[in-house]
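Please look over the sequence and the structure shown here, and then follow the explanation below.

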Amino acid sequence: MPDNRQPRNRQPRIRSGNEPRSAPAMEPDGRGAWAHSRAALDRLEKLLRCSRCTNILREPVCLGGCEHIFCSNCVSDCIGTGCPVCYTPAWIQDLKINRQLDSMIQLCSKLRNLLHDNELSGRHTVC
């Protein structure tokens, strides 16, 4: 009996955002097994910086009118005047503490400490 099946034209598979990617090489440029994690954490920490002092946010607050995020100390003198980034009027009732972001920053700090400890424990001194 002859095989009458036609070959199917397969469309290239498109990955959705929820599908896992293949794992990257673990030791890029010889910098150690956790180099990718450190690089990802560096990128994340750049996003978690205050627009005014440029340090990692401390007690992050959001200005309700424009939604820019600052350290609570950095924005305290702007209340009643305007946002230091876009100059939108900033009032005390518009100030919102961002507890979720603060929790994420604390987790990033813990991860940074773990990665630093791992880096130090992976080094061997030769006597």
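A residue is called buried here when its relative accessible area is under 20%, and exposed when that area is over 50%. The model is a predicted one, and by that measure Ala35, Arg38, Leu41 and Glu45 of helix 1 are buried. These residues cover an arc of only 125° around the axis, which puts them on the same side of helix 1. An α-helix has 3.6 residues a turn, so residues three or four places apart point the same way. On the other side of helix 1, Arg43 and Leu47 are exposed. The length of this helix can be checked too: its 13 residues, 35-47, should span 18 Å at 1.5 Å a residue, and the end C-alpha atoms lie 19 Å apart, which agrees.

From the helix we turn to the interior. The largest nonpolar core holds 17 residues, and those with the most contacts inside it are Cys50, Leu57, Leu63, Phe70 and Val75. At least two residues of this core come from each of strand 1 (60-63), strand 2 (69-71), helix 2 (72-75) and helix 3 (99-122), with helix 3 giving the most, four residues. Leaving aside residues up to four places away in sequence, Val75 touches Arg52, Val61, Leu63, Phe70 and Leu95.

The cysteines call for a separate look. With a disulfide taken as a pair of cysteine sulfur atoms within 2.5 Å, the count comes to zero. Cys66 is in no disulfide, the nearest cysteine sulfur being that of Cys83, 3.6 Å away. Cys78 is in no disulfide either, with the sulfur of Cys83 as its nearest at 7.4 Å, and Cys78 is buried, its relative accessible area being 5%.

Note on methods:
Residues are numbered from 1 along each chain as its sequence is written. This is a predicted model: local features need pLDDT of at least 70, side-chain atom pairs count only at pLDDT 80 or more; totals for chains, interfaces and linings use all residues. Side-chain values use heavy atoms; hydrogens and water are left out. The expected span of a helix is 1.5 Å times one less than its number of residues. Buried means under 20% relative accessible area, exposed over 50%, partly exposed in between (1.4 Å probe, protein chains only). The arc is that of the directions from the helix axis to the C-beta atoms. A nonpolar core is a set of buried Ala, Val, Leu, Ile, Met, Phe, Trp, Tyr and Cys residues joined through side-chain atoms within 4.5 Å. Contact means heavy atoms within 4.5 Å.
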